[in-house]
Amino acid sequence: MHKFFYLFIVLTLFSSCIGNKSVSKDDLKEPSKGLVVDDASEGIEEVAKNFAKAIIDNNSSILKVYKPNVTLARALSAKATATMTDEQIKEGMLKDLNNTFERNIENLQKAINDNEIDRAGLTFDSYKLYEANESPLVPRALEVNLKYNEDQKHIPITVLKLNSNWYIFEILNTTTVFN
């Protein structure tokens, strides 16, 4: 079930915005030449801590370094992006993805405010990276755990590592985290 979910995420993110071009499974099997896919978890703790800090401090700019970019889009969907300019990729594939991510950050911030969560009481607690038996080019689920007083707050996101860089794709739950 998880492998279909991850495949669905990647196919949806990169095929829904590129017009008549579709992404095949072959696009996801191998990265473009010169790119190194690294599925090791090195650096994931920093991603989790920075994500938590961005939420606690209400500062999404901390996450700018983790936003999917043209290099990642070309690696994940080499055939579909082969004839596209960088600008077409930014506008056609990445803009909606990044806008959705920002809306989800705003939803989390709204939930913090609506539920009168004292940010001073929120701290990073832990994380869990869920590995999958899929290609390293398929995003993994990362659960970022915050502590608020004695309660755990779990925020699931999807991440992928390529060329020693981590990318955050999506926040999977923004509605009930702080209830």
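1. Q109 is buried in this predicted model. Its relative accessible area is 6%, and because the cut-off for buried is under 20%, Q109 falls in that class.

2. As for its place in the fold, Q109 is part of helix α6, which covers residues 86–114. Once the neighbours within four places in sequence are set aside, the residues in contact with Q109 are A54, I55, N58 and R119. Of these, A54 and I55 fall within helix α3, given as residues 44–57.

3. The sheet is open and has 4 strands, in the order β1-β2-β3-β4, and the pairing is antiparallel. At its edges are β1 (122–130) and β4 (165–171), each of which pairs on one side only. From one strand to the next, the twist averages 35°.

4. Strand β2 spans residues 140–148 and runs antiparallel to β1, to which 8 bridges join it. To check the register, take T123: the bridge partner of T123 in β2 is K147.

5. Two helices should be viewed against this sheet. Helix α3 lies across β1, β2, β3 (151–162) and β4, and runs at about 140° to β1. Helix α6 lies across β1, β3 and β4, and its angle to β4 is about 65°.

6. To tie the points together: α6, the helix that holds Q109, lies across β1, β3 and β4. Q109 itself contacts A54 and I55, among others, and α3, with residues 44–57, also lies across β1, β3 and β4, as well as β2.

Note on methods:
Residues are numbered from 1 along each chain as its sequence is written. This is a predicted model: local features need pLDDT of at least 70, side-chain atom pairs count only at pLDDT 80 or more; totals for chains, interfaces and linings use all residues. Side-chain values use heavy atoms; hydrogens and water are left out. Buried means under 20% relative accessible area, exposed over 50%, partly exposed in between (1.4 Å probe, protein chains only). Contact means heavy atoms within 4.5 Å. Two strands pair if DSSP finds at least two bridges between them. Axes are lines fitted to C-alpha atoms, for helices over the stretch in contact, and angles run from 0 to 180 degrees between N-to-C directions.
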